[in-house]
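With the model open in your viewer, follow the stops below in order, making each selection before reading on.

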Amino acid sequence: MAWLTILHRNFTKKYLTALDQLLYYFSFRAVPLGIVVISILTLLTLNNQYDFTPGTPLAMRMASQGPNIQSPAQALTELQEQPLAASHPIRAQESPVWFSFVIPASSQGKGMSVEVPSEHAQTLACWYAATQALLGKADRSKAMGSVQHVKSGFVIGIPNNALPVSILCKADFLGKARLSATLWSNIEMEKSVTEYDRSAGILEGGLLTLTLIVLIFAVINREWMYLLFAAWLLGNLRLSALSMGWDTQWLGHAIPYAWLPFLRKTTIAIYYLLTYSLFTQLFTNDLAHINFPRMQRAILWAGLALLVAAGILPYTQFLPVMWLLTTFGIAIAIFLLSRILIATRSRVALWYSISLGIVLTTGIAHALAESRNIAFLSSSLINVAAALLSSTIVALAIAEHMRIERLERIQAQAELQGTYEVTPIGLFTLEDDGTIVRTNLALEQMLAFIPGADTIRQWADYFGTENWHKLKAAALQGVDTEIEIQSLAGQHTRQRHFLAKAVRASSRIEGSLQDITEQAHTIAQLRILANHDPLTNTLNQRGIEEKLNESLKSLITGKPFALAYMDLSPLKIINDLYGHTAGDDVLKQVCLRVGSILLPGQYLGRVGGDEFVIVFQNCPIDRAKEISQKIIDDLRATPCQIGTRAFQTRASVGLVEVTTQTSTQDAISTAARACRAAQKANQGQVMVYERNAQAFQEHLQDLHLIKELGSGFSPQRLFLEMQPIMSLREPYETLNFEVLLRMHDSNGALIPASRIIAAAEESGTISVIDKWVFATTLQWLDTHQEQLPKTQFVCVNLSGMSLNDEKFVDDFFAILARFEHLAQMLCMEITESVALHDMENTRRFIKRLQALGVRIALDDFGAGYTSFSYLSELPADAIKIDGSFIRNMNERPVNVAIVGAIVAMARNLGMQSIAEWVENGETLEALAKMGVDYVQGYAIARPLSPDTLLAAENIDSVILDEHMRDLVRSISSPQTATDFWDQHHNLPPTDWH
């Protein structure tokens, strides 16, 4: 039984399929074909119920109205000389015209009418020729008597009892026309009028219905080509109405006679432009293919000229312009269509050419009908058929155009679908609630879809609710935005990273998905490498800066922030003795041990070979100190075990409390200073600079000074002071001094000179400052030289950085060349350690200065390691003994011996000796006994302003302490001075003049 059931089902299915196919062919093929065949047979074989017998043409005489014809009587006289003819041409200048015709007696009893069938006739008035009695008159809007406006012209009713009769008429025409008269029986005339109205109704109703259908189609489908076609159909309707003579009405309503000339002109001009627009839209690609842009523009300009002519020219003058421009445009259109047909074989061009041919044929037929009075060619049926047929064929051309576009869209969709399926990027379509509607193979593979599963999939099932809202928000923005999302980790899949794009299309979301998991992992790894030291896996400079910036931002919210600077030792010794591999292993182990001590939010970063910083985010200074001390104790307690060797390491840590006013670089620099202080203390303790610590504030001031000097040198707060240098042999005969640099801070407080020099060297502006000091000193000396008669020499300091700067050296000698007359007064002080750094360069510089008469003094002599061994190689003129030996000389006998040795050596080398930092009388007296030539210090005078120095007559004027004055007098008395030199010196004193 089962097999019978299956057989029955298969038979039923096959039977129903055959029945459906039969019904399809019957409905879509047989019925439409049958309607066409029946309609053709009806037209060819059956009688037309609107058929009528054509009227009889009447012979007539015609004369144009002129000066000799001003009345019916004069017109009759003139007409007798005119020939009889079936029709007469009317030229524009001949309006109005007079004409006459005779109705024979053979027509009596039939009820006769005479038609003047001209759509150009505007008025008609008729009289009985024999009596000159008015028969009637009419125009396009009203009628009187036996004359009426019928069809496209006028009809004259003839009474039955008046035959035979001669009729005289006067007519006005709008432009060129052909005058004729046709005799009708009243019955046949009524049939003719009915057929005419029926043709007009068919044309108007058919074209309006077609226009409405096309308009609805255009609006529903957003096919604006059909909107243009609908407008063109209306123009075609009005143009056909004009040619048939019933353009005086619209939708059954009469149009005022005064409007007709303007409406006819604008209708023709607008129809021309609509035809041009339709033509260019239909053949956009074809016209581009044949490439005749100038001809296209010529058609357009002709249409615009026609529109202007319609607005400014009267109807009679507009007509010849219209014929000229339209003929020109049609000729170019025919040429372009021919080129398109030859080049593209386009069926759209073929249909359009047929439509254009019908229009031209109809126009020619209409012209022949008027010129030759051929009644068949002027049939309303021909006009109606031509108008409907041309419109239908244009519709076919547009339909063919749309069909081609549809096929191209289908092909493009098929190609797009194929591309959609094989593209390696995941593509998807989602409903507004996140339901997955459509996906391609790539996306299904990315998300591990189960083949053939019918379950409804949601986007959130694969990416989570948060990522769904993120994607939806991006789609609603309406811009091409890329977002990065992560998939949920499933039972058989791991979490993956994707780059998604989404846009909203109608009520759905269209988007793409690109798997960037490997790229994301690579970027994450690169980000780690970018912020971490590859050896120790601690933060590098960039990573440290990021953490510091994060900490500074959190500091604004009230969270504390501390920064430690850690220096390891003896890493350099390990590298030198055991190699860098061992040193690297020690570094790694130290970093691991430090990292195990640090808490979350605390980061270790490497800034140098054995130097590190520790960022303590959201950590009070006391807690940071405890952790730092724990690190020091851990490293000191347990050596680093590398293979079989144990390396003992020590750490020095400087810790600072960072404030909101501190920059990252300032914080690191201050912590490094605290670390150096911890190294000097060597107590294994953390050196802490809290926010109010004096050392912290001083260092911040130094950093501010460095930035200020480095941001652009400005000498506004710089000034000079002079500290006297007293001769122990002739203190009252000389007034020598050293030029000292001074600077006020922004609050007016004096900045120590050592800080100025250090900041200038750090910022790289020391050479600029040295040049300013040198130039300012020479300018001041040049101005006040006559007020300094006892000044034998003026000491000016030069820094080591300036001495090694070739640009500074060139500028230095250029300044000196301007003040060469002051060279004998200058004594340039060069620091001993700098002089020994580059002996050859220093020797050249000294000799060049001495050649100009400038003296040279070695400053801070005795502070270096190799002073005595190199002193003989430096051609200096004086030695300034370092103040550290002078200040506490009497308390330390060794310093007395060192100073005595330096003085004796200087005298043996023919150099002057100058002792700095002389702060009391005992030191002064001891130096005098040793034979020091010059002394300088607070015991003599503190640094003075330039004006104070100028006011002093000699050294006695600047010594303020009375006891010191007495001591100087006793030392400088002739007998005392001689005793000193005789008792303490074997060599005579040198004279530095």
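Begin by selecting Ile 955 in this predicted model, and display the residues that Ile 955 touches beyond four places away in sequence: Pro 724, Met 726, Pro 731, Tyr 732, Thr 734, Leu 735 and Ile 940. Ile 955 itself sits in the loop that runs between helix 30 (946-951) and helix 31 (962-972), and with a relative accessible area of 1% this loop residue is buried. If you then add Arg 965 to the selection, you will find its C-alpha atom 9.4 Å from that of Ile 955, the two residues being 10 apart in sequence.

Next, select helix 5, residues 260-282, and pick out Arg 264 within that helix. Is Arg 264 buried or exposed? Its relative accessible area is 4%, and because anything under 20% counts as buried, Arg 264 belongs in that class. Around Arg 264, leaving aside residues up to four places away in sequence, show Glu 119, Gln 122, Leu 174, Leu 242, Asp 247, Thr 248 and Tyr 315, each of which Arg 264 touches.

The third stop is a pair of helices, so select helix 21 (residues 766-784) together with helix 23 (residues 806-818), whose axes come within 10 Å and cross at roughly 5°. Since angles under 35 degrees count as roughly parallel, that is how helix 21 and helix 23 are described. To see the contact itself, show Ser 767, Asp 770, Lys 771, Phe 774, Ala 775 and Leu 778 on helix 21, and Phe 808, Asp 811, Phe 812, Ile 815 and Leu 816 on helix 23. Coloured by class, this contact comprises seven nonpolar residues, one polar residue and three charged residues.

Stay with helix 23 and centre the view on Ile 815, which is buried, with a relative accessible area of 7%. Setting aside residues up to four places away in sequence, Ile 815 touches Lys 771, Phe 774, Ala 775 and Leu 778. A distance drawn between the C-alpha atoms of Ile 815 and Ala 775 should read 6.5 Å, although 40 residues separate them along the chain.

Finally, colour the protein chain by pLDDT, which averages 77, with 78% of the residues scoring at least 70. Among the elements of the chain, strand 36 (residues 934-935) has the highest mean pLDDT, 94, and helix 32 (residues 974-984) the lowest, 48. Over residues 980-990 the pLDDT is below 50, and this stretch has 24 contacts in the model beyond near neighbours in sequence.

Technical notes: Residues numbered from 1 in each chain as written. Predicted model: local features only at pLDDT ≥ 70, side-chain atom pairs only at ≥ 80, totals over all residues. Heavy atoms only, no water. Axes fitted to C-alpha atoms, helices over the stretch in contact; angles between N-to-C directions. Helix = DSSP H or I, 4+ residues; strand = E, 2+ residues; numbered from the N terminus. Parallel < 35°, antiparallel > 145°, perpendicular 65-115°, else oblique. Contact = heavy atoms within 4.5 Å. Nonpolar A, V, L, I, M, F, W, Y, C, P; charged D, E, K, R; others polar. pLDDT = per-residue confidence, 0-100. Buried < 20%, exposed > 50% of the residue type's maximum accessible area, 1.4 Å probe, protein only.
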